[in-house]
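Trainee: Could we work through the features of this structure one by one? I should like the general idea in each instance, and then the particular case.

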Amino acid sequence: MQLFTPADTNFGFTLYVTPSGYSDYNAGTVSFRKNFSHYYSVLANYTFSKSMDLGTDVQLNDVPMDYLNPGLDRAVSDNDVRHRFVLTALATTPSRWPLLLRNFKASMLTTLQSPVYYTILAGFDVNGDQFPFNDRVGAIGRNTYRGDASYTTDIRLQRLFNFTERLKGEASLEVFNLFNRVNVNAIDTVYGAADFAGAIPRSYGDGVTSPDNPTFGTPTFVAPARQIQLSLRVNF
């Protein structure tokens, strides 16, 4: 860790941003498509990828901890998603089916995504550079704390009605996050100390806490719970 001793302790920090950086993204994709026929279609896509950088965004807590050696911050990026699977399906009911079962449309969107990684921060100035936002705990690297996976399924059911030759209707039922899964999108990773007091936290939900910050490792933002939406549209 680079320790800094300012010449004048009354002088605050200066954030000097240069148009330089490093990022590397590699990915492979496998897709399956069944075009619409026989009243249904399916599209499946899987992506395996890895993203590396020195800093994903220009934020106070995302700049290199040691500006004299920014290469020490090379790690998986904030938006690195190693595995991502997306499945969509669409189906309609044939017009030859019984009257009550005709004119239905059903669709589904399922997204499965592996966790992103977070940096465990001390929460205060550890190395004496008067810049407290990016200081990490102990000798731990950047983005070493594994977050939580995300699984979401949305469905939609539609029914068309022909009231008259000119008057038509469409009723829809939509359910977002069908299985009501808790998808954690942000985590409190401020440890509150310069060194670890015990076991080193490795991933969300591993049970490792911080005696200096009782909310460490808890969600700060969660995706919406199950939502149900009903609608009726009339065309004339």
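Mentor: Let us begin with a single acidic residue. Glu174 counts as buried, because its relative accessibility is 12% and the cut-off for buried is under 20%. Please keep in mind throughout that the model is predicted.

Trainee: With which residue does the side chain of Glu174 meet in a salt bridge?

Mentor: The general idea is that side chains of opposite charge can pair when their charged atoms come close. Here the partner of Glu174 is Arg156, with 3.5 Å from N to O. Arg156 belongs to strand β8 (residues 150-162) and Glu174 to strand β9 (residues 168-176), so the salt bridge ties together parts that are 18 residues apart in sequence. Unlike the buried Glu174, Arg156 counts as partly exposed, at 34% relative accessibility.

Trainee: How many salt bridges does the count come to?

Mentor: The count comes to eight salt bridges. One of them joins Arg82 and Asp80, whose closest N and O atoms are 2.8 Å apart. Asp80 is buried, with a relative accessible area of 1%, whereas Arg82 is partly exposed at 23%.

Trainee: Which parts of the chain does the salt bridge between Arg142 and Asp62 link?

Mentor: In that pair the distance from N to O is 3.7 Å. Arg142 sits in the loop between β6 (117-118) and β7, and Asp62 in the loop between β2 (40-53) and β3 (75-76); these are distant parts of the chain, 80 residues apart.

Trainee: Are Arg142 and Asp62 buried or exposed?

Mentor: Arg142 is buried, its relative accessible area being 5%. Asp62 also counts as buried, at 8% relative accessibility. The two residues are part of a network of salt bridges that links Asp53, Asp62, Asp78 and Arg142.

Trainee: May we turn to pockets? How much space lies in the second largest pocket?

Mentor: As a general approach, rolling a probe the size of a water molecule over the atoms shows where empty space is left. In this model, the second largest pocket holds about 360 Å³ of space. It is lined by 17 residues, and those closest to its centre are Asn61, Asp78, Tyr118, Thr119 and Asn143. Asp78 thus appears again, having been named in the salt-bridge network.

Trainee: How do the residues of that lining divide by character?

Mentor: The lining of the second largest pocket has six nonpolar, six polar and five charged residues.

Trainee: How should I read the aromatic pairs, and how many does a search of the whole structure find?

Mentor: One reads the distance between ring centres together with the angle between the planes. The search finds five aromatic pairs. Tyr145 and Phe216 form one that is tilted, with 5.8 Å centre to centre and 55° between the planes. Tyr145 lies in strand β7 (residues 145-146) and Phe216 in the loop between β10 (184-187) and β11 (219-222), so this pair ties together parts that are 71 residues apart in sequence. Both residues, Tyr145 and Phe216, are buried. A stacked pair is formed by Phe161 and Phe163, at 6.1 Å centre to centre and with 10° between the planes. Phe161 counts as partly exposed, at 30% relative accessibility.

Trainee: Which residues form one aromatic cluster?

Mentor: The cluster consists of Tyr145, Tyr191, Phe196 and Phe216. A ring may also be examined for a charge over its face: Lys34 lies over the face of Tyr40, at 3.9 Å from the ring centre.

Trainee: Which residues other than glycine have a positive phi?

Mentor: Tyr39 and Asn103 are two examples. Phi of Tyr39 is near 75°; this residue lies in the loop between β1 (23-37) and β2 and is partly exposed, with a relative accessible area of 35%. For Asn103, phi is about 65°. Asn103 is placed in the loop between β4 (83-92) and β5 (104-113) and is partly exposed, with a relative accessible area of 32%.

Trainee: Finally, how far apart are Ser77 and Tyr117 in sequence and in space?

Mentor: Ser77 and Tyr117 are 40 residues apart in sequence, and their C-alpha atoms are 7.7 Å apart in space. Ser77 lies in the loop between β3 and β4, and is buried, with a relative accessible area of 0%.

Methods: Residues numbered from 1 in each chain as written. Predicted model: local features only at pLDDT ≥ 70, side-chain atom pairs only at ≥ 80, totals over all residues. Heavy atoms only, no water. 1 Å grid on protein atoms, 1.4 Å probe; cavity = no way out; pocket = protein on both sides within 12 Å on 5 of 7 lines; lining within 4 Å. Points joined across faces, edges and corners; volume = space filled by probe spheres on them. Nonpolar A, V, L, I, M, F, W, Y, C, P; charged D, E, K, R; others polar. Phe/Tyr/Trp six-rings, centres within 6.5 Å; stacked < 30°, edge-to-face > 60°. Helix = DSSP H or I, 4+ residues; strand = E, 2+ residues; numbered from the N terminus. Buried < 20%, exposed > 50% of the residue type's maximum accessible area, 1.4 Å probe, protein only. Lys NZ or Arg CZ within 6 Å of the ring centre and 35° of its normal. Salt bridge = Lys/Arg side-chain N within 4 Å of Asp/Glu carboxyl O.
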